[in-house]
Amino acid sequence: LPVMLATKLKKEGYKFQLDIYGGEGNAAKYDVVYSKKELESLIMKLNVDDCVCLKGNAPNEEILSAMRSHDIFLFTSDNHEGWGAVANEAMSNGCVLVGSDAIGSIPFLLTDMKNGLIFKSEEIDSLYEKVKFLIDNEGERNRMSINGYKSMRDIWSPKNAAQSLILLIENLM
């Protein structure tokens with residue numbers, strides 16, 4: 001899906017860099033995983049090798065650093081993802097999260113157009129429209145980045161989670 005997105009963006013004349021992290025070893029048994037060779041072949045075939053880079057597996061600190069240096073985080077998994085803690089990490093590091101509506105955390109973490117964008121799972125046109133909007137609207141992108149960060153800091157922080165757990169326990173008692 002991200003490679004197809006790159007193809008559409010490039011065709012429309014957008015200048016961007018898409019870095020893809022992860023590798024075959026990170027996939028769950030039910031995931032459809034393309035080998036690095038298959039992805040490289042697709043990237044070359046679609047002529048997006050100048051704007052798509054396969055980074056492979058990387059230490060967590062390197063990925064968090066990459067999040068801090070990028071504007072947008074694409075979370076294109078499907079309903080097999082579960083919660084998807086990487087969404088929290090991306091928002092905490094200032095990326096505007098563009099997340100699939102099938103991922104478990106997305107309806108809880110995101111309010112579309114407020115602190116990120118939600119696209120229709122597995123639909124390239126939906127993903128394309130959301131990302132295109134962010135590229136075309138720097139002010140909105142910056143606003144959503146700040147709102148996403150604030151959501152993590154003010155609502156989804158470990159401190160708030162602990163306080164909520166304590167309150168729940170007290171109420172159950």
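**Close-up 1. Surroundings of S126 in helix α6 of the predicted model.** S126 touches F119 and K120, when residues up to four places away in sequence are not counted. The residue itself is found in helix α6, and at 17% relative accessibility S126 counts as buried, because the cut-off for that class is under 20%. One of the two residues that S126 touches, F119, is also included in a core of 12 residues, separate from the largest one, to which Y128, V131 and M144 belong as well.

**Close-up 2. The loop between β5 and α6, with E122.** E122 is found in the loop that runs between β5 (117-119) and α6. Its phi is near 65°, which is a positive value in a residue other than glycine. At 58% relative accessibility E122 counts as exposed, whereas S126, in helix α6, counts as buried at 17%.

**Close-up 3. The contact of helix α6 with helix α7.** The axes of helix α6 (residues 124-136) and helix α7 (residues 138-154) come within 5 Å and cross at roughly 105°, so that α6 is roughly perpendicular to α7. On the α6 side the contact is made by F133, L134, I135 and D136, and on the α7 side these meet E138, E140, R141 and M144. Sorted by side-chain class, the residues of this contact comprise 4 nonpolar and 4 charged, with no polar ones.

**Close-up 4. The largest nonpolar core.** This core has 14 residues, and those with the most contacts inside it are M67, F73, F75, M91, L97 and I106. At least two residues each are supplied by α3 (60-69), β3 (72-75), α4 (86-92) and α5 (106-109), with α4 giving the most, namely 3 residues. In soluble globular proteins, nonpolar side chains tend to be buried together. For a closer look at one member, L97 is in contact with F73, F75, A87, M91, I106, L110, G116 and L117, once its neighbours within four places in sequence are left aside.

**Close-up 5. A salt bridge between R68 and E61.** The side chains of R68 and E61 meet in a salt bridge, with a distance of 3.0 Å from N to O. R68 is partly exposed, having a relative accessible area of 46%, while E61 counts as exposed at 51% relative accessibility, because the exposed class begins over 50%. A search of the whole structure finds 9 salt bridges, and the pair of R68 and E61 is one of the salt bridges described in these legends.

**Close-up 6. D71 and R141, a salt bridge between distant parts of the sequence.** D71 forms a salt bridge with R141, in which the closest N and O atoms are 3.9 Å apart. Because D71 lies in the loop between α3 and β3 and R141 in helix α7, the pair ties together parts that are 70 residues apart in sequence. The two partners differ in their exposure class: D71 counts as partly exposed, at 47% relative accessibility, whereas R141 is buried, with a relative accessible area of 13%. R141 is also among the α7 residues that take part in the contact with α6.

**Close-up 7. A salt bridge within helix α7.** The side chains of R143 and E140 meet in a salt bridge, at 2.6 Å from N to O. Both residues lie in helix α7, 3 residues apart, which is about one turn of the helix. R143 is partly exposed, with a relative accessible area of 30%, and E140 is partly exposed too, with a value of 26%. Side chains of opposite charge can pair when their charged atoms come close. E140 is also one of the α7 residues that meet helix α6.

**Close-up 8. The loop between α2 and β2, with N47 and D50.** N47 lies in the loop between α2 (36-45) and β2 (52-56), and its phi is near 60°, a positive value in a residue other than glycine. N47 is partly exposed, with a relative accessible area of 47%. D50 has its place in the loop between α2 and β2, and at 52% relative accessibility D50 counts as exposed. Leaving aside neighbours within four places in sequence, D50 is in contact with K10 and Q17. The C-alpha atoms of D50 and Q17 are separated by 8.2 Å, although these residues are 33 residues apart along the chain.

Key:
Residues are numbered from 1 along each chain as its sequence is written. This is a predicted model: local features need pLDDT of at least 70, side-chain atom pairs count only at pLDDT 80 or more; totals for chains, interfaces and linings use all residues. Side-chain values use heavy atoms; hydrogens and water are left out. A nonpolar core is a set of buried Ala, Val, Leu, Ile, Met, Phe, Trp, Tyr and Cys residues joined through side-chain atoms within 4.5 Å. Buried means under 20% relative accessible area, exposed over 50%, partly exposed in between (1.4 Å probe, protein chains only). Helices (H or I, at least four residues) and strands (E, at least two) are DSSP runs, numbered from the N terminus. Contact means heavy atoms within 4.5 Å. Axes are lines fitted to C-alpha atoms, for helices over the stretch in contact, and angles run from 0 to 180 degrees between N-to-C directions. Angles under 35 degrees count as roughly parallel, over 145 as roughly antiparallel, 65 to 115 as roughly perpendicular and the rest as oblique. Ala, Val, Leu, Ile, Met, Phe, Trp, Tyr, Cys and Pro count as nonpolar, Asp, Glu, Lys and Arg as charged, and the others, Gly among them, as polar. A salt bridge is a side-chain nitrogen of Lys or Arg within 4 Å of a carboxyl oxygen of Asp or Glu.
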